[in-house]
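Student: Hey, can we go through this one together? I'd like to get a feel for how to read it.

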Amino acid sequence: MKIADLKRKLLTIIRPKKSITRDITAKNFYGKDDSEIPGYTPDHIIFCDGLVKIYKSKDTEVVALQGLELEIKKGEMMAIIGNSGSGKSTLMNLLGGLDRPSAGILIVDGKNLLRMRKNEILEYKKKKVGFVWQNNARNLIPYLPALHNVELPMLLAGKKNARKKATELLEIMGLKDRMHNRLSQLSGGEQQRVAIAIAMANDPVILLADEPTGAVDTATAEIIYNIFRKLNKEFAVTIIIVTHDRAVAKNVDRVVTIVDGRTGSEYIRKKSYKEQIQELDRMSGVEESETHEEMIVVDRQGRLKIPEEYLELANIPNNSKVRLKMQDDKILIYGKDENEEDV
Ligand SMILES: Nc1ncnc2c1ncn2[C@@H]1O[C@H](COP(=O)(O)OP(=O)(O)OP(=O)(O)O)[C@@H](O)[C@H]1O
Ligand SMILES: [Mg+2]
């Protein structure tokens with residue numbers, strides 16, 4: 001062996017592997033272990049802090065998420081509501097490992113997604129997450145019967161009893177009598193239910209649904225939400241629904257709003273489902289405001305976003321200064337000093 005070759009060989013033994021270097025760099029970047037990230041606890045299935053996603057092309061840059069904060073606990077069924085272009089699908093793609101964040105912290109099922117290697121992300125996508133899309137053609141094969149469509153992901157994952165599990169799931173979806181029909185013979189709403197069964201096939205811990213009722217009527221949407229609730233209860237799967245439809249609120253425990261790539265107010269259910277169902281039996285037409293309470297989030301830097309309508313009512317213009325006053329244990333926010341004259 002030539003001396004140069006020997007030197008090269010020795011150097012490859014001495015040098016640390018590339019992956020080790022990358023890992024250490026990532027650790028230094030956060031400066032601490034994931035378990036030490038402020039606010040993060042093991043009962044979080046999703047934890048985002050300062051999450052940024054920038055889409056870059058040759059001459060444009062779109063900041064789709066600008067420092068988003070989001071905490072979701074294991075077993076929650078919650079919704080994220082936002083207008084078109086607010087960053088909902090971007091967020092779903094990041095949560096599902098389909099795309100990588102540009103910066104920030106994103107912990108999914110106890111692991112920092114920014115630190116995961118390609119094969120770890122692949123495992124995460126295959127075993128931990130289920131997706132339901134508005135356009136379900138992404139998951140479905142039209143010329144195969146519903147049953148085979150649901151069996152397929154289990155067979156690909158090498159799971160036993162695929163037929164049995166697929167049958168059970170389609171029964172939960174209320175499609176017992178339609179499971180041998182080809183997908184092309186099913187209605188849009190039925191196809192969407194098959195898509196949910198497919199998403200559940202490999203026992204995910206997180207079910208991500210992007211506008212799952214966007215293409216169905218109100219009655220079918222109700223059926224789909226009932227299915228989500230059943231899955232959430234029976235399989236303890238965390239369900240995250242993104243939509244622009246505010247009516248989703250009555251079907252979930254918590255709603256987080258997303259505006260321009262940042263999270264805003266939260267609406268938290270005042271009563272448990274059981275209490276509410278009992279109430280619905282007694283009367284009909286309960287308003288959303290009676291079932292949910294709006295919570296304004298104070299973010300980790302202590303900032304708070306006051307809804308426009310509150311500012312308007314309090315006569316506080318945007319981009320102005322306000323005063324704070326403690327009254328007992330409450331904080332009063334007001335635009336002008338009480339003794340100040342109108343100018
Ligand atoms: N692949 C991409 N490349 C460049 N820009 C993108 C890409 N995907 C999304 N965007 C931009 O990022 C922003 C957020 O888009 P996103 O699809 O997340 O919104 P959304 O809330 O899901 O909207 P909708 O309700 O219409 O589905 C938009 O300005 C969009 O144009
Ligand atoms: Mg979208």
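Student: Let's start with Lys 73. Where is Lys 73 placed?
Tutor: You'll find Lys 73 in strand β2. Keep in mind that we're looking at a predicted model.

Student: Okay, and why does Lys 73 count as partly exposed?
Tutor: Lys 73 has 14 C-beta neighbours inside 10 Å, so it counts as partly exposed. A residue needs 20 or more to be buried, and 12 or fewer to be exposed.

Student: What is Lys 73 in contact with, leaving aside its neighbours within four places in sequence?
Tutor: Then you get Asp 43, His 44 and Ile 45. Pro 42 is a nice one to look at as well: Lys 73 and Pro 42 are 31 residues apart in sequence, yet 8.9 Å apart in space, going C-alpha to C-alpha.

Student: So β2 belongs to a sheet. In what order do the four strands come?
Tutor: The order is β2-β1-β4-β5, in an open sheet with antiparallel pairing. At the edges sit β2 (61-73) and β5 (111-112), and each of these pairs on one side only.

Student: Does anything sit on that sheet, I mean, which helix packs on it?
Tutor: Helix α3, residues 88-95, packs there and touches β1 (44-56), β2 and β4. The direction of α3 makes about 60° with that of β2.

Student: And how many bridges join β4 to β5?
Tutor: Two bridges, with β4 (residues 103-108) and β5 running antiparallel. If you want a pair to click on, Ile 107 stands opposite Asn 112 in β5.

Student: Switching to helices. Which residues of α6 are buried?
Tutor: In α6 (residues 162-172), the buried ones are Ala 162, Ala 166, Leu 169 and Leu 170. Looking down the axis of α6, these fall within an arc of 95°, so they line one face of the helix.

Student: How come they can share a face when they're spread along the sequence?
Tutor: An α-helix has 3.6 residues a turn, so residues three or four places apart point the same way.

Student: Nice. What do the buried residues of α6 pack against?
Tutor: Against two helices, α5 (146-156) and α7 (188-200). Also, just after α6, Gly 174 takes a positive phi of about 75°.

Student: Then how do α5 and α7 pack, at what angle?
Tutor: They pack at about 25°, and their axes are 8 Å apart. Angles under 35 degrees count as roughly parallel, and α5 and α7 are therefore roughly parallel to each other.

Student: Is the crossing of α5 and α7 left-handed or right-handed?
Tutor: Right-handed. On the α5 side you have Ala 146, Asn 149, Val 150 and Pro 153, and they meet Val 194, Ala 197 and Ile 198 in α7.

Student: New topic: how many of the five residues of β12 are buried?
Tutor: Zero, so to speak a bare strand: β12 (residues 323-327) is hardly covered. Strand β12 pairs with β13 (residues 330-334) in the antiparallel sense, over five bridges. In that pairing, Lys 325 stands opposite Leu 332 in β13.

Student: What's between the strands in that hairpin?
Tutor: Two residues, and in this hairpin of β12 and β13, Asp 328 takes a positive phi near 55°.

Student: Last one, the whole chain. How many helices and strands?
Tutor: Eleven helices and 13 strands. The chain has 343 residues, and 29% of them count as buried. Among contacts between residues at least 6 apart in sequence, 67% join residues at least 24 apart.

Key: Residues are numbered from 1 along each chain as its sequence is written. Chains are lettered from A and ligands numbered from 1 in the order in which they are written. This is a predicted model: local features need pLDDT of at least 70, side-chain atom pairs count only at pLDDT 80 or more; totals for chains, interfaces and linings use all residues. The arc is that of the directions from the helix axis to the C-beta atoms. Two residues are in contact if their C-beta atoms, placed from the backbone, lie within 7 Å. Two strands pair if DSSP finds at least two bridges between them. Axes are lines fitted to C-alpha atoms, for helices over the stretch in contact, and angles run from 0 to 180 degrees between N-to-C directions. Angles under 35 degrees count as roughly parallel, over 145 as roughly antiparallel, 65 to 115 as roughly perpendicular and the rest as oblique. A crossing is left-handed if the near helix is turned anticlockwise from the far one by less than a right angle, and right-handed if clockwise.
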